[in-house]
Amino acid sequence: MLTLFHHPMFATCRFVRLAFGEYGEELALIEEKPWMRRKEFLALNPAGTLPILLAEGDVPIVGAMVIGEYLDETRGVLKRDKRLFAEDPMGRAEIRRLTDWYLSKADSEVTRHLVRERVLKPIMPETAGGGSPDSAAIRAARANIRQHMKYTNWLAGTRHWLAGSKVTYADLAAAAALSVLDYLGEIDWREHAAAREWYARVKSRPSFRPLLSDRVRGLSPVSHYADLDF
């Protein structure tokens, strides 16, 4: 069994867990607090970032999409119609674009800041950057949610799945990011009917079940978080 160093509220880590779940691959999970900068953790990744996959031979593979590419090359190419990448180069390019949108752009504009301010800072020591949440950072992140939800709603309303006719890494990346925001109660689904219908379909997949069980100490999820019919 492979091992994933992760944090349950990082979208990038959720993406990797979803991908392995879609392929029916089990993962041993080690929750890491990257701000603690453990020597053993930094030996695996001097950059001190998550996720990190300990692959065959305990070789560390660092980064969500790097792990995704590795998973596709070692498992996905054998899955045929269940492969999370498209078979054609242009299809793969669109999947990569959208995966980057949710794991990089949305993360840098929204998810990362809300997680840091609402989830991490209250439990981090002051020496590591902990303390009271920055209300200005929260407001800025919340102001950016609407545009990302409008784009997701457009994609979901014009395509069966976000990158085309079947589930791909693009759907998993978007679901990973939005599930974090949904946990925190930051999304008003009433304004985004197409995105809500798409998210309900992703949320109902077996790969998503472990995420619905995630809980953060001192911060319970919004009441509908684990509800498949929300």
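How many residue pairs are in polar contact across the interface of domain 1 and domain 2? In this predicted model, the rule finds 4 such pairs, with both residues at pLDDT 80 or more. The rest of the interface can be read around that count.

The chain is assigned two domains, domain 1 covering 3-80 and domain 2 covering 89-205. Their C-alpha centres are 19 Å apart. On the side of domain 1, 19 residues are in contact with domain 2, where the partners number 24. Together the two domains bury about 1800 Å², and carbon and sulfur atoms account for 74% of that area. Of the area that domain 1 buries against domain 2, 37% is supplied by Met 9, Phe 15 and Trp 35, more than by any other three residues.

Charged pairs also occur here. The rule finds 2 salt bridges across the interface of domain 1 and domain 2. Glu 22 forms a salt bridge with Arg 205, and the closest N and O atoms of this pair are 2.9 Å apart.

Next comes the question of which elements of domain 1 face domain 2. Helices α1 (11-22) and α3 (64-74) each supply at least two residues of the touching side. The largest share, 7 residues, comes from α1. By residue class, the side of domain 1 that touches domain 2 divides into 11 nonpolar, 3 polar and 5 charged residues.

The backbone has a few local features to inspect. One is the peptide bond from Leu 50 to Pro 51, which is cis, with omega near 0 degrees. Pro 51 sits in the loop that runs between α2 (39-44) and β3 (52-54).

Another is Asp 58, which is not a glycine yet has a positive phi of about 60 degrees. Asp 58 belongs to the loop between β3 and β4 (60-62). Is this residue buried or exposed? Asp 58 has a relative accessible area of 57%, and it counts as exposed because the cut-off for that class is over 50%.

Arg 80 also has a positive phi, near 55 degrees, in a residue other than glycine. Arg 80 lies in the loop between α3 and α4 (89-120), and 80 is also the last residue number in the assigned range of domain 1, 3-80. With a relative accessibility of 68%, Arg 80 is classed as exposed.

Methods
Residues are numbered from 1 along each chain as its sequence is written. This is a predicted model: local features need pLDDT of at least 70, side-chain atom pairs count only at pLDDT 80 or more; totals for chains, interfaces and linings use all residues. Side-chain values use heavy atoms; hydrogens and water are left out. Domain bounds come from an automatic or database domain assignment. Contact means heavy atoms within 4.5 Å. Buried area is the accessible area (1.4 Å probe) that two parts lose on being put together, summed over both. A salt bridge is a side-chain nitrogen of Lys or Arg within 4 Å of a carboxyl oxygen of Asp or Glu. A polar contact is a pair of N or O atoms within 3.5 Å; within protein, one must be able to donate a hydrogen and the other to accept it, and residues adjacent in sequence count only if both atoms are side-chain atoms. Helices (H or I, at least four residues) and strands (E, at least two) are DSSP runs, numbered from the N terminus. Ala, Val, Leu, Ile, Met, Phe, Trp, Tyr, Cys and Pro count as nonpolar, Asp, Glu, Lys and Arg as charged, and the others, Gly among them, as polar. Buried means under 20% relative accessible area, exposed over 50%, partly exposed in between (1.4 Å probe, protein chains only).
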